[in-house]
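Here is a short, friendly briefing to read with the model open beside you. Please have a look at the fold before going through the notes.

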Amino acid sequence: MSDTSTTDADSDSGADGDSESAVVLDFLAHGRSDGRSYGDGAVGYAVSTIDFTLYELSLSSDADIGILDRVQVRPEFETGIDRGREVEYDDLSDGARSELDYVVEDVVDANERRFVDFYNDAQPISLRLHQLNLLPGIGEKLRDNILEERKRRGPFESFADVSERVDGLHTPQEVIVERILDEIRDPDLKYYNFAAS
């Protein structure tokens, strides 16, 4: 049976870095009603916890998998998943789309250090564009405030630390979540910080 915790950051990747789990967003016991299923029978939709890849999963009849369960998707699918394929946001069921925001927020919460380090490590993309500018609401002034703070006082320790030290950036976690969702939903973006392109 799958682990139902969406906050167990340690299970996201194995020591070799090739293992990854995903959180189940929706479970359709009789498959999709629109006939677009990957196979016959039960179908699940999931989002991976490292690069936010979306999956449609063809489930075996005896699969013990439900919404918000964690399932292994790499290097191979766990028992109960017959096949799986990567899909676009538009391929998700309505139920999967409605769960996605909450699951992404949970993944960011559970992996705070990883996402705070984005504020610590973000670099210029070109002479005119910086990775920080890809975040919603971060223009030149706020970007410069972040860069000045990390240069002057060292790395940020938490989202609260980012918020306290950077005037004007009150919800650094929400900004990250919003960008991840933009990257998942829009396949035509030029730059990606978090989701697989």
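The notes below go through the sheet, the helix packing and a few local details.

This is a predicted model, so please read every value as computed from it. An open sheet of five strands is a good place to begin. From there, helix 1 (residues 94-110) is a handy guide, since helix 1 packs on the sheet and also packs with helix 5 (residues 172-185).

**The sheet**

- The five strands run in the order 4-1-2-3-5, and their pairing is antiparallel.
- Strand 4 (70-74) and strand 5 (81-87) are at the edges; each has a single partner strand, so one side of each has no neighbour in the sheet.
- From one strand to the next, the twist averages 40 degrees.
- Strand 1 (residues 20-28) pairs with strand 2 (residues 43-48) over six bridges, in the antiparallel sense.
- If you would like a residue to check the register with, D26 stands opposite Y45 in strand 2.
- Helix 1 packs on this sheet and touches strand 1, strand 2 and strand 3 (54-59). The direction of helix 1 makes about 140 degrees with that of strand 1.

**Helix 1 against helix 5**

- These two helices pack at an angle of about 130 degrees, and their axes are 10 Å apart.
- An angle from 115 to 145 degrees falls outside the perpendicular and antiparallel classes, which means that helix 1 counts as oblique to helix 5.
- The crossing of helix 1 past helix 5 is right-handed.
- On the helix 1 side, the contact is made by L100, D101, V104, E105, V108 and D109. Helix 5 contributes Q173, I176, V177, I180, L181, I184 and R185.
- By residue class, this contact divides into eight nonpolar, one polar and four charged residues.

**Helix 2 against helix 5**

- Helix 2 (residues 112-121) packs with helix 5 at an angle of about 95 degrees, with the axes 11 Å apart.
- That angle makes helix 2 roughly perpendicular to helix 5.
- F115, F118 and Y119 of helix 2 meet P172, V175, I176 and I180 of helix 5.
- The residues here are seven nonpolar, with no polar and no charged ones.
- I176 and I180 of helix 5 are worth selecting in your viewer: they are among the residues in contact with helix 1, and they are in the contact with helix 2 too.

**Loop details**

- S158 sits in the loop between helix 3 (140-153) and helix 4 (159-165).
- The S158 side chain reaches the backbone nitrogen of D161 at 3.0 Å.
- Leaving aside residues up to four places away in sequence, S158 touches E112 and V116.
- P75 has its place in the loop between strand 4 and strand 5, and the peptide bond leading to it from R74 is cis, with omega near 5 degrees.
- F52 is in the loop between strand 2 and strand 3. Although F52 is not a glycine, it has a positive phi of about 60 degrees.

Note on methods
Residues are numbered from 1 along each chain as its sequence is written. This is a predicted model: local features need pLDDT of at least 70, side-chain atom pairs count only at pLDDT 80 or more; totals for chains, interfaces and linings use all residues. Side-chain values use heavy atoms; hydrogens and water are left out. Axes are lines fitted to C-alpha atoms, for helices over the stretch in contact, and angles run from 0 to 180 degrees between N-to-C directions. Helices (H or I, at least four residues) and strands (E, at least two) are DSSP runs, numbered from the N terminus. Angles under 35 degrees count as roughly parallel, over 145 as roughly antiparallel, 65 to 115 as roughly perpendicular and the rest as oblique. A crossing is left-handed if the near helix is turned anticlockwise from the far one by less than a right angle, and right-handed if clockwise. Contact means heavy atoms within 4.5 Å. Ala, Val, Leu, Ile, Met, Phe, Trp, Tyr, Cys and Pro count as nonpolar, Asp, Glu, Lys and Arg as charged, and the others, Gly among them, as polar. Two strands pair if DSSP finds at least two bridges between them. A polar contact is a pair of N or O atoms within 3.5 Å; within protein, one must be able to donate a hydrogen and the other to accept it, and residues adjacent in sequence count only if both atoms are side-chain atoms.
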